[in-house]
Amino acid sequence: MLGRLNHVAIAVPDLDTAATTYRDMLGATVSAPQALPDHGVTVVFVELPNTKIELLEPLGADSPIAKFLEKNAQGGMHHICYEVDDIHAARDQLTAAGARVLGDGEPKIGAHGKPVLFLHPKDFVGTLIELEQV
Ligand code: CO
């Protein structure tokens with residue numbers, strides 16, 4: 001089912017500081033910030049030779065990463081994203097096996113313009129998983 005690692009996402013309290021750290025201290029290529037109101041985050045992408053890092057800052061009052069940042073005030077690894085060929089087939093296979101999909105179970109359009117779903121961390125050894133159809 002799983003394809004390539006698409007990205008690792010890090011929740012951060014301050015996107016400018018985080019982007020500057022990656023750009024200036026680590027010498028990485030960092031995109032301009034992109035607001036994603038449907039997902040309650042503003043994101044920048046750090047481009048690496050083999051994958052991407054997403055830096056996520058809360059956007060709006062009901063941001064899904066607000067609680068995470070209450071517990072992890074300096075930020076921390078929030079989720080990992082795996083690529084799948086067919087997101088509906090993956091969802092159906094996973095729910096049939098007892099895994100929980102977050103939200104209403106329907107894919108949303110993610111930061112790269114592709115359908116995404118999130119899987120409950122308690123079903124996946126404590127890691128929030130995003131699936132992205134590529
Ligand atoms: Co993501």
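**Exercise 1.** Find the salt bridge that joins the side chains of D92 and R91, and classify both residues by burial.

*Solution.* Apply the criterion: a side-chain nitrogen of Lys or Arg within 4 Å of a carboxyl oxygen of Asp or Glu. D92 and R91 satisfy this criterion at 3.1 Å, N to O. The model is predicted: local features need pLDDT of at least 70, side-chain atom pairs count only at pLDDT 80 or more, and totals for chains, interfaces and linings use all residues. Residues are numbered from 1 along each chain as its sequence is written, and side-chain values use heavy atoms, with hydrogens and water left out.

Next, take the relative accessible area (buried under 20%, exposed over 50%, partly exposed in between; 1.4 Å probe, protein chains only). R91 has 14% and is buried, whereas D92 has 41% and is partly exposed.

**Exercise 2.** Which residues are linked with R91 in a network of salt bridges?

*Solution.* Besides the bridge to D92, R91 forms one with E106, with the closest N and O atoms 2.9 Å apart. R91 lies in helix α3 and E106 in the loop between α3 and β7 (108-109), 15 residues apart; helices (H or I, at least four residues) and strands (E, at least two) are DSSP runs, numbered from the N terminus. E106 is partly exposed at 42%. The network therefore contains R91, D92 and E106.

**Exercise 3.** How many salt bridges does a search of the whole structure find?

*Solution.* The search finds 3. One of them pairs D123 with R100 at 2.8 Å, N to O. D123 is in the loop between β8 and β9, and R100 in the loop between α3 and β7, 23 residues apart. D123 is partly exposed at 28%, as is R100 at 39%.
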